[in-house]
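User: I would like to go through this model by asking, for each label put on it, what justifies that label. Please set the values against the criteria as you answer.

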Protein chains: 2
Amino acid sequence: MFKAKVLIKRRPSILDPQGKAVEKGALHLGLNNIKDTRIGKYIEFTVDTDDKKSAEKEVNEYCGKLLANPIMEDYEFTLEKVA
Amino acid sequence: MFKAKVLIKRRPSILDPQGKAVEKGALHLGLNNIKDTRIGKYIEFTVDTDDKKSAEKEVNEYCGKLLANPIMEDYEFTLEKVA
């Protein structure tokens, strides 16, 4: 079994209005040094197989078809063997 | 200046209905080995100060008051010095 940890980020060229909005909130709290906030996703799950190649294949399919938006987002992941 | 990278996760005791829903989608794609999907946030921003202590203080305030929900979520972050 593998534990997968996935990071999904908007491509650098794509604006992040949610990040901009939260950052305005930071200014209201007096946090003046926070800049360029970008909000992505962090997803954890397990892959119930002992073959790393097939685990990678499932993770790529899961990310590419469901978790990430291939038009706007990039993803990266790590797989770690667990008992 | 520091680059901050924040991971926000639901506490393990808190259910994640969004993760459950996406996982049902995985089954429909034929990905039968994906289990225990939990969806959190990944947030990047810069902190425009050269003092690490005060950068950490701002990040903790930003996370604790705006980015994470302290009732349901935990956060962790790294700070990396950039030019």
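The exchange below takes up the sheet, the helices, the relation of the two copies, their interface and one backbone angle.

Analyst: One caution comes before the rest, which is that this is a predicted model, and every value below is computed from it.

User: What makes the strands S3(A)-S1(A)-S2(A)-S2(B)-S1(B)-S3(B) an open sheet, and which are the edge strands?

Analyst: The 6 strands follow one another in the order S3(A)-S1(A)-S2(A)-S2(B)-S1(B)-S3(B), with antiparallel pairing. Strand S3 (73-81) of chain A and strand S3 (73-81) of chain B each pair on one side only, and these are the edge strands. From one strand to the next the twist averages 20°.

User: How do you know that S1(A) is paired with S2(A), and also with S3(A)?

Analyst: The criterion for pairing is at least two bridges between the strands. S1(A) and S2(A) have 7 bridges in the antiparallel sense, and S1(A) is joined to S3(A) by 9 bridges, again antiparallel, so both pairs satisfy the cut-off of at least two. To locate these on the structure, A:Leu7 has A:Tyr42 as its bridge partner in S2(A), while A:Phe2 has A:Lys81 as its bridge partner in S3(A).

User: What supports the pairing of strand S1 of chain B with S3(B)?

Analyst: Strand S1 (residues 2-10) of chain B is joined to S3(B) by 9 bridges, and the two run antiparallel; since pairing asks for at least two bridges, the label holds here too. One of the positions to inspect is B:Ala4, whose bridge partner in S3(B) is B:Leu79.

User: Which strands do helix H1 of chain A and helix H2 of chain B lie across?

Analyst: Helix H1 (residues 17-28) of chain A lies across strand S1 (2-10) and strand S2 (34-47) of chain A, and runs at about 120° to S2(A). Helix H2 (residues 52-67) of chain B lies across S1, strand S2 (34-47) and S3 of chain B together with S2 of chain A, and runs at about 150° to S3(B).

User: Why are the two copies said to be related as by a two-fold rotation axis?

Analyst: Chain B can be laid on chain A by a turn of 180° with a shift of 0.0 Å along the axis, and the RMSD is then 0.0 Å. The two copies are thus related as by a two-fold rotation axis. Among the residues of chain B, B:Lys41 comes closest to that axis, its C-alpha being at 2.1 Å.

User: How do you know that the copies meet through the same surface?

Analyst: The copies meet through the same surface because 100% of the interface residues of chain B are also interface residues in chain A. In this interface 32 residues of chain B are in contact with 32 residues of chain A, and the two chains bury about 3,000 Å² between them, 60% of it on carbon and sulfur atoms.

User: Why is the contact of A:Lys35 with B:Asp48 called a salt bridge?

Analyst: The name requires a side-chain nitrogen of Lys or Arg within 4 Å of a carboxyl oxygen of Asp or Glu. The closest N and O atoms of A:Lys35 and B:Asp48 are 3.5 Å apart, so the pair meets that limit of 4 Å. The pair crosses between chains, with B:Asp48 in the loop between S2 and H2 of chain B and A:Lys35 in strand S2 of chain A. Between chain B and chain A the count is 4 salt bridges, and 14 residue pairs are in polar contact. Of the elements on the side of chain B that touches chain A, S2(B) gives the most, with 14 residues.

User: What makes the phi of A:Asp36 and of B:Asp36 worth a remark?

Analyst: Most residues other than glycine have a negative phi. A:Asp36, though not a glycine, has a positive phi of about 55°, and A:Asp36 lies in strand S2 of chain A. B:Asp36 likewise has a positive phi of about 55° without being a glycine, and its place is in strand S2 of chain B.

Technical notes. Residues numbered from 1 in each chain as written. Chains lettered and ligands numbered in written order. Predicted model: local features only at pLDDT ≥ 70, side-chain atom pairs only at ≥ 80, totals over all residues. Heavy atoms only, no water. Helix = DSSP H or I, 4+ residues; strand = E, 2+ residues; numbered from the N terminus. Axes fitted to C-alpha atoms, helices over the stretch in contact; angles between N-to-C directions. Contact = heavy atoms within 4.5 Å. Least-squares fit on C-alpha atoms with pLDDT ≥ 70 in both. Buried area = accessible area lost by both parts, 1.4 Å probe. Polar contact = N/O pair within 3.5 Å; in protein donor to acceptor, adjacent residues only side chain to side chain.
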